[in-house]
Amino acid sequence: MRAYKSAGCIIYSPHPSPLTREEGAFTTASKGGGYFGRKPKPLTCTHKAGSITDAQTGVALITVLLVLALATVAVVSMSSERQLDIRRSENMLRNNQAWEYAHSLEQWAMQRLQDQQGFSQPQVSIEENGGVAMHAELDDLQSKLNLNNLIVEGRDSPNDVKRLQRLLKQLKLPVELTDAILDWLDADSDIRYPFGAEDEVYSRKNPPYRTSNRWFSDVSELMLVQGFSRPMYETLRPYVYAVEGYAPINVNTAKPEILRCLADDISKDRAESIYRAAGKPFRKLTEFLQDEAVNDSGIGKHGLTVTSQFYQLTGTVEQGRLKLGFLTQLSKQNEGLVTVIRRQRTGWSHG
Ligand SMILES: [Ca+2]
């Protein structure tokens, strides 16, 4: 066996090269073996105690890198959570601020209604220096048809059903949809022939559901009524609304499309003439019925009025990356008191 020096340490070669006799080669001829010449000195490591080998250095380096990697992952993870917390808090703060602005728009609308300023300026747009943009529009709901007028005290209201059918025909929608709407509203489970629908129809849908059998709480319920598609709903939506109970049509604010539904055979031109009647705004219903544009049109006094109780405020609040859409229904009592009867969010987005 032969020893070599390598990197400061003496190692033994597993395959020693033959030694010459001068170098002290081992001879097998000698009993028990022996050495010629000098005997190999014991080999010792030349490193001092506490010194680090290359292998140990590598292991230590890898350990340090691993610890650093783990620490980095932990720090990044904590940083991400803090970022989310900050963003969540910011969203909550801006959400609360946006609703406060929406409430201020409601106050604007309520003040307008209390002051009886009419609808000469039904829209308001405000842009603040702080980067807040607000827009709101006040509408008279009673310029449209209330879907809940179709059933009065548990029974069909023929005049109001006829008005809805005329509207559907005018909008080129199937008049037969009225059957399913009435079944949706009425308390019984009897299917109207031929286009009605009750639980046995809706329970076969996927997912299954049941008829409301009560007033519409929102016009979007129409999407659940048998026969309605989204395009049909979108076509009808601008002309109908839903408040609990019966709400007559205000002839002072009704659009020509609604005035045309008040009787059979009212032409588009006739409806325009009624809409532009010289006597507007009418203070009494008799004034409307006796107006030159109306008196021989076949329009009766049923379900008509010259004042309104129900209004709707539609608005948006934009604040930086946030945009809030809302809708508020307002009720004005005879004594002028205006209250919020319903409030809902119609849209919400973060940039
Ligand atoms: Ca029913």
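Pro-207 sits in the loop that links helix H4 (199–202) to helix H5 (230–236), and in this predicted model the peptide bond leading into Pro-207 from Asn-206 is cis, with omega near 0 degrees. The loop between H4 and H5 also holds Asn-213, a residue other than glycine that nevertheless has a positive phi of about 55 degrees. Asn-213 counts as partly exposed because it has 14 C-beta neighbours inside 10 Å. A cis peptide bond is likewise found from Lys-280 to Pro-281, here with omega near -5 degrees. Pro-281 belongs to the loop between helix H7 (268–275) and helix H8 (285–290).

Turning to the overall architecture, the protein comprises eight helices and 15 strands. Its chain has 351 residues, 23% of which count as buried. Among contacts with a separation of 6 or more, 54% are made by residues 24 or more positions apart.

The largest nonpolar core contains 53 residues, and the members touching the most others are Ala-109 and Leu-145. The most generous contributor to this core is helix H1 (residues 54–114), which supplies seven residues. In soluble globular proteins, nonpolar side chains tend to be buried together. Beyond its neighbours within four places in sequence, Leu-145 is in contact with Arg-163, Leu-164 and Leu-167, and also with Tyr-239, Val-240, Ile-249 and Ile-258.

Helix H2 (residues 158–170) merits a closer look. Its 13 residues reach 18 Å from the first C-alpha to the last, close to the 18 Å expected at 1.5 Å a residue. Buried positions in H2 are Asp-160, Arg-163, Leu-164, Arg-166, Leu-167 and Leu-168. These buried residues of H2 pack against strand E7 (145–146) and helix H3 (177–185). After H2 comes Lys-172, with a positive phi near 60 degrees.

A positive phi also appears at Glu-153, about 50 degrees, although this residue is not a glycine. Glu-153 is placed in the loop between strand E8 (151–152) and strand E9 (155–156). With 6 C-beta neighbours inside 10 Å, Glu-153 is classed as exposed, because 12 or fewer such neighbours place a residue in that class.

Strands E13 (residues 310–319) and E14 (residues 322–332) run antiparallel and are joined by 10 bridges. Within this pairing, Thr-314 faces Leu-327 of E14. Two residues lie between the strands of the E13 and E14 hairpin, where Gly-320 adopts a positive phi near 60 degrees. In a regular strand the side chains alternate between the two faces of the sheet.

Val-306 occupies the loop between strand E12 (304–305) and E13. Val-306 is partly exposed because 18 other C-beta atoms lie within 10 Å, whereas 20 or more would make a residue buried. Val-306 is 57 residues from Ile-249 in sequence, yet the two are 8.1 Å apart in space, C-alpha to C-alpha. Ile-249 is also among the residues in contact with Leu-145. Once neighbours within four places in sequence are left aside, the contacts of Val-306 include Asn-250, Val-251 and Asn-252. Others in contact with Val-306 are Phe-282, Arg-283, Lys-284, Leu-285 and Phe-288.

Conventions. Residues numbered from 1 in each chain as written. Predicted model: local features only at pLDDT ≥ 70, side-chain atom pairs only at ≥ 80, totals over all residues. Helix = DSSP H or I, 4+ residues; strand = E, 2+ residues; numbered from the N terminus. Contact = placed C-beta atoms within 7 Å. Core = buried A, V, L, I, M, F, W, Y, C linked by C-beta atoms within 7 Å. Expected span 1.5 Å × (residues − 1). Pairing = 2+ DSSP bridges.
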